[in-house]
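Here is a short tour of a protein model, written for someone who likes to check each statement against the coordinates. Please keep the viewer open as you read.

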Amino acid sequence: MTLTRWMCVLLVVAAAPLVRAKAAAQTGSPALAIVVHPSNPVENLTFSELRRIFMLDTQTWPHGRKITVVLREKGQPERADAIRLICGLSEGDFDKHILFRTFQGSVNIGPRSIQSAAAMLRFVYSAPGAIGYVAADQVDATVKTLRIDGALPGDLRYPLRRISRGGDDFQ
């Protein structure tokens, strides 16, 4: 192959992830919006900070308020997807991690379980230290959406995008 052809092949291979991300954004592949109370002064978290919060390794906000992690109820696909996207674990492995942390004495209370996206928004609004998630198109004015690594759910480089399998995502 000539140098020009190699360059074209490399360009196509390098651009493939961006094309997939753009297609996902255009087809409505749901992004997982991380939400907090509007009074929370935090605007941005790194992905690593977000993971430490959901793994209960970080239990207070920089301004000193206790963090309350809120997840959907066990067995719901939204919960399993959020744990996989944020923590990189299966739901079972996450539960084992929380149990181990509780046994160690480093965690008094595990994450709160919430039944629906609407209940998640109500809880986060009513608990200033809470952090939760909903599909980006379900966010309302009662909560604040955090940037993750400087990106919001509509941005192509946003790291928390769920692969759509058809059906109701994050509802």
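The report below goes from the overall layout to the core, the strands, the helices and a few single residues.

## Overall layout

This is a predicted model, so please read each value below as computed from that prediction. The protein has 171 residues, and 39% of them count as buried. Its secondary structure consists of five helices and seven strands. Starting at the N terminus, the order of elements is α-β-β-α-β-α-α-β-α-β-β-β.

Two totals help to set the scene. Among contacts with a separation of 6 or more, 70% link residues that lie 24 or more positions apart. The accessible surface adds up to about 9500 Å², and carbon and sulfur atoms hold 59% of that area.

## The nonpolar core

The largest nonpolar core holds 44 residues, and the members that touch the most others are I34, L45, L50, F54, W61, I131 and L160. At least two core residues come from each of β1 (32-36), α2 (47-54), β3 (68-72), α3 (77-87), α4 (91-104), α5 (117-126) and β5 (130-135). Helix α5 gives the most, with six residues.

## Strand β1 and its partners

How much of β1 is buried? Five of its five residues are, so to speak, under cover: the strand is mostly covered. The side chains split into two sets, with L32, I34 and V36 pointing one way and A33 and V35 pointing the other way, yet all are buried.

On the pairing side, β1 runs antiparallel to β5, with five bridges between them. Within that pairing, V35 has G132 of β5 as its bridge partner. Strand β1 is also joined to β6 (residues 144-145) by two bridges, again in the antiparallel sense. Here V36 sits opposite K144 of β6.

## Strand β3 and its partners

Strand β3 has five residues, four of which are buried, so the rest of the structure largely encloses this strand. Its pairing with β5 is parallel and takes in two bridges, with T68 opposite A130 of β5.

Strand β4 (residues 112-114) also pairs with β3 in the parallel sense, through three bridges. In this case L71 stands opposite S113 of β4.

## Helices α2 and α3

In α2, the residues L50, I53 and F54 are buried. Viewed down the helix axis, the buried residues of α2 fall within an arc of 90°, so they line one face of the helix. As a reminder, an α-helix has 3.6 residues a turn, so residues three or four places apart point the same way.

Helix α3 is largely enclosed by the rest of the structure, because eight of its eleven residues are buried. The buried residues are E78, R79, D81, A82, I83, L85, I86 and C87. Which elements cover them? The cover includes β1, α2, β3, α4, β4 and β5. After α3 comes G88, which has a positive phi near 75°.

## A buried glutamate in α4

E91 belongs to helix α4. Is E91 buried or exposed? Its relative accessible area is 17%, which makes E91 buried, given that the cut-off for buried is under 20%.

The side chain of E91 forms a polar contact of 2.9 Å with the side chain of R79, and R79 is one of the buried residues of α3. Leaving aside residues up to four places away in sequence, E91 touches K74, G75, R79, A80 and I83.

## Two residues with positive phi

Most residues other than glycine have a negative phi. L56 is a non-glycine residue with a positive phi, near 65°. L56 follows α2 and lies in the loop between α2 and β3. With a relative accessibility of 7%, L56 counts as buried.

D149 is another non-glycine residue with a positive phi, in this case near 55°. D149 is located in the segment after β7 (147-148). Its relative accessible area of 38% makes D149 partly exposed.

How values were computed. Residues numbered from 1 in each chain as written. Predicted model: local features only at pLDDT ≥ 70, side-chain atom pairs only at ≥ 80, totals over all residues. Heavy atoms only, no water. Core = buried A, V, L, I, M, F, W, Y, C linked by side-chain atoms within 4.5 Å. Buried < 20%, exposed > 50% of the residue type's maximum accessible area, 1.4 Å probe, protein only. Arc of directions from axis to C-beta. Pairing = 2+ DSSP bridges. Polar contact = N/O pair within 3.5 Å; in protein donor to acceptor, adjacent residues only side chain to side chain. Contact = heavy atoms within 4.5 Å. Areas by Shrake-Rupley, 256 points an atom, 1.4 Å probe, with all protein chains shown as cover.
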